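Reader: I would like a close look at one part of this protein, taken slowly. Please start from a single pairing and work outwards.

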Amino acid sequence: MEERRRNIRWDIEKPVRFRVDDQILEHKGVSKDISAGGLCLYAKRELTPQTPLDLEIEVPDDLKRIFVRGKVTWNQKVEADTETAQGIKTGVSFLDLKTQDAERIFRYAFKHQHDKLMQHWWEGL
């Protein structure tokens, strides 16, 4: 798969709740990583690219959750022996991330993954 990210992603394995295209039924997954542009999500069901999602994301060290609208950009089946055992790895791009939520993600990254952040900064991406 060709890498097309514009934002650096930080490893965050936390529960994510999501609804598909304004449906009432809520699904659960686990985040793999996150950035201001999107996240990678492990889920039990395959989600079709371009499908709209309403997401509720936990951020470590923060009691307030992030609520954001996104869309599926890709998905990939994952072997059952992975650490999450969720079945499908899904890329989601955010459509309406609030500035204060992007700042919360950045604060987490600065506090817990400072070296990765500095490397990205100096690479000039």
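Which residue in β6 is the bridge partner of Leu53?

Author: The bridge partner of Leu53 in β6 is Gly70. Keep in mind that this is a predicted model.

Start with the two strands involved. Strand β6 covers residues 66-77, and six bridges join β5 to β6. The two strands run antiparallel. Strand β5 also has a partner in β2: five bridges join β2 (residues 15-20) to β5 (residues 52-57), and this pair is antiparallel as well. One residue pair to find on the model is Val16 of β2 with Ile57, its bridge partner in β5.

Now step back along the sequence to Thr51, which lies in the loop between β4 and β5. Thr51 has a relative accessible area of 15%, and the cut-off for buried is under 20%, so Thr51 counts as buried. Among the residues that Thr51 touches, leaving aside those up to four places away in sequence, are Val20 and Gly70. Gly70 is the residue already met as the bridge partner of Leu53. Lys71 and Val72 are also touched by Thr51. In addition, the side chain of Thr51 reaches the backbone oxygen of Thr48 at 2.5 Å.

Next, the nonpolar core. The largest one has 23 residues, and Leu53, Leu55 and Ile57 are among those with the most contacts inside it. Phe18, Ile34, Leu39 and Phe94 are also in that group. The elements that give two or more residues to this core are β2, β4 (38-43), β5, β6, β7 (88-94) and α1 (99-112).

A general point helps in reading β5: in a regular strand the side chains alternate between the two faces of the sheet.

Phe18 deserves a separate look. Beyond the residues up to four places away in sequence, Phe18 touches Leu53, Asp54 and Leu55, among others. Its contacts also include Leu41, Ala43 and Leu47, as well as Leu25, Glu26, His27, Lys28 and Gly29.

Finally, place this part in the whole chain. The protein chain has two helices and seven strands, and along the sequence they follow the pattern β-β-β-β-β-β-β-α-α. Of the contacts with a separation of 6 or more, 58% are between residues 24 or more positions apart. Buried residues make up 38% of the 125 residues in the chain. The chain exposes about 8,000 Å², and carbon and sulfur atoms supply 49% of that area.

Conventions. Residues numbered from 1 in each chain as written. Predicted model: local features only at pLDDT ≥ 70, side-chain atom pairs only at ≥ 80, totals over all residues. Heavy atoms only, no water. Pairing = 2+ DSSP bridges. Helix = DSSP H or I, 4+ residues; strand = E, 2+ residues; numbered from the N terminus. Core = buried A, V, L, I, M, F, W, Y, C linked by side-chain atoms within 4.5 Å. Buried < 20%, exposed > 50% of the residue type's maximum accessible area, 1.4 Å probe, protein only. Contact = heavy atoms within 4.5 Å. Areas by Shrake-Rupley, 256 points an atom, 1.4 Å probe, with all protein chains shown as cover. Polar contact = N/O pair within 3.5 Å; in protein donor to acceptor, adjacent residues only side chain to side chain.
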